[in-house]
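The exercises below ask the reader to work through a structure step by step, with the sequence and the coordinates at hand. Each task is followed by its solution.

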Amino acid sequence: MSQPIPRLGRTPSRLRMDGVPILSVMLASALPNLLPVIAQSPSMPPLGLLVFVGWRLLHHELWPLWIAAPLGAFDDVMSGNPLGTAIFLWSVVTLAAEMVDTRLFWRDYWHDWLIAIGASIFFLLGGLLIARISGSRAPVELILPQTLWSALLYPLIVRVIARMDRWRMMA
Amino acid sequence: MARPPSRRPGVNRRAQYGLFASYVITIGCAIAGLLLVVVSFADPAGFAVLRAGAAEITTPVASSLRYMVSGFGSVDEQIVAYIDAGSQNAALRRQVEANRVKLIEADAVAQENVRLKKLLGLTQSSDDRITTARMISSSSTISRRMARINAGSSAGVASGMPVRAPEGLVGRVLIVGPHSADVLLLTDSQNIIPVRRVKDNIGAISTGRDDGTLEIRPLSAGANPFRPGDILVTTGTGGVYRPNIPVAIVVALREGYAIGVPLASPARVEMVMVERAYDAHIPPPVTQAAPATPAKAPLP
């Protein structure tokens, strides 16, 4: 990929600045529905959440806090969870990230990684709990592979987000 | 990375109120999300329209990708099959000889069956098939097991219809959109199917375990009657699935139940058939009050 060339005196369009992060989260939420993979057990990591957390940790003032609700609603519609699951869980993740920002003085790469793993464990457990309340009998260890994939995939997602962020900023 | 500049606005009162309001709005959103979950439980079909609508957008992409990569999922099996082709060939030859005899016997039995059913007046229209479709994607990120097929209400698919592959049962239709439908797979723990063992009609209940296997729980108390290798088929009880559709093969035994694997693995089947719900054929029960009054108008 050729390096983007910044041009002096130009600012990127508002649409590109605001649209790229939101569209990337929505695309990540929709990706499991686009791929022709018939999974026998939950195998894909919660990509939408990982990209959402990635953007949030990269630029904490990128979005207003309430953005978790509309993006979470889109994720619910795509993933097949009961509507409201991701609205609730993503909002809680946003508030928790806000708390972490006030507590942590330095945030290293490893902190980001651990926050992302914590968020995905919370999201998967919450989704499982809500599914169990509605009558499913899925065992808790079912989320272990997904947690592992989330942990392994997050560094790659951070790099993809960084690339997108650079393209977004260049006029 | 150094600590990012905080959202905290310092002494600016207006900004402080703005920050407080944004926290309140987010907590409000979280509570609204919880309420929506409760509403989804109370009325599971209510938000199905949203999901079906979203499926309209993703289905064309998933469909075309599916056509491109058909057969991709079984690459490993094909490699293994190539490696032990020689010994497999001899074994398969023997099996074909044995099966040929059984096929002829089965043909004879089927013909006899048709004859006997005609005598009993039980003949059903043999073509229960609504449409054939391709499995294009699945709910791979959540604990519920659903798959999407690329046929919807425009092809006559309706909620509750059984879906099967030539190898066996796949599941039943849950949410229907115009050009796609979500199928609740056998392996979902909310899909409960009455089954029986083929060779001696021992009844059991098959429930998904959400990890690609099934829990086969015998109806009779006492010792577990199942052995690995037993084939289970539908009984027709409950009226959704036609009797005698292959469901699962027992692979392991547990305390009081058996673990089965679906005969039609959703990851491997290419085409599935959507069928009419079995019950639709059963005529409504005859009312006993009819003979009391002489029939005035003949029923059409």
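Two strands are said to pair if DSSP finds at least two bridges between them. The model is a predicted one.

**Exercise 1.** Determine how strand β8 of chain B and strand β11 of chain B pair, and place that pairing in its barrel.

*Solution.* Begin with the two strands themselves: β8 of chain B covers residues 214-218 and β11 of chain B covers residues 258-262, and three bridges join them in the antiparallel sense. Within this pairing, Ile216(B) has Ala258(B) in β11(B) as its bridge partner. Next, follow the neighbours around, and six strands of chain B are found to close into a barrel in the order β6-β7-β8-β11-β10-β9, with antiparallel pairing. From one strand to the next, the twist in this barrel averages 40°.

**Exercise 2.** Trace the closed barrel of chain B that contains β1 and β12, and identify residues that stand opposite each other in it.

*Solution.* The order of this six-stranded barrel in chain B is β1-β2-β5-β4-β3-β12, again with antiparallel pairing, and the twist averages 45° from one strand to the next. Start at β1(B), which is joined to β2(B) by three bridges in an antiparallel arrangement; here Met135(B) has Ile149(B) in β2(B) as its bridge partner. Then turn to strand β12 of chain B (residues 271-275), which runs antiparallel to β1(B) and is joined to it by five bridges, with Arg129(B) standing opposite Glu275(B) in β12(B). Finally, β12(B) is also joined by two bridges to strand β3 of chain B (residues 162-165), once more antiparallel, and in that pairing Val163(B) stands opposite Val274(B). A helix can be added to the picture, since α2(B) lies across β1, β2 and β4 (168-176) of chain B and runs at about 80° to β1(B).

**Exercise 3.** Describe the helices of chain A, and decide whether α1(A) and α3(A) are roughly parallel or roughly antiparallel to each other.

*Solution.* Chain A has six helices and zero strands, and its pattern along the sequence is accordingly α-α-α-α-α-α. Its radius of gyration is 17 Å, close to the 16 Å that the globule rule gives for 171 residues, so chain A is as compact as a globular protein of that length. For the packing, note that two packed helices are described by the angle between their axes and the distance between the axes. The axes of α1 (residues 14-34) and α3 (residues 68-79) of chain A come within 8 Å and cross at roughly 10°. Angles under 35 degrees count as roughly parallel, and α1(A) and α3(A) are therefore roughly parallel to each other. On the side of α1(A), the residues that meet α3(A) include Val25(A), Met26(A) and Ala30(A), while those of α3(A) include Leu71(A), Phe74(A) and Met78(A). The residues of this contact divide into seven nonpolar, three polar and one charged.

**Exercise 4.** Work out which elements of chain B supply the side that touches chain A, and what kinds of residue make up that side.

*Solution.* First count the residues on each side, which gives 50 from chain B and 54 from chain A. In chain B, at least two residues of this side are supplied by each of α1 (13-42), α2 (48-69), β1 (129-138) and β2 (146-149), and the largest share, 14 residues, comes from α1(B). By kind, the residues on the side of chain B divide into 27 nonpolar, 16 polar and seven charged.

Terms used:
Residues numbered from 1 in each chain as written. Chains lettered and ligands numbered in written order. Predicted model: local features only at pLDDT ≥ 70, side-chain atom pairs only at ≥ 80, totals over all residues. Contact = placed C-beta atoms within 7 Å. Helix = DSSP H or I, 4+ residues; strand = E, 2+ residues; numbered from the N terminus. Nonpolar A, V, L, I, M, F, W, Y, C, P; charged D, E, K, R; others polar. Axes fitted to C-alpha atoms, helices over the stretch in contact; angles between N-to-C directions. Parallel < 35°, antiparallel > 145°, perpendicular 65-115°, else oblique. Rg over C-alpha atoms; globule rule 2.2 N^0.38 Å.
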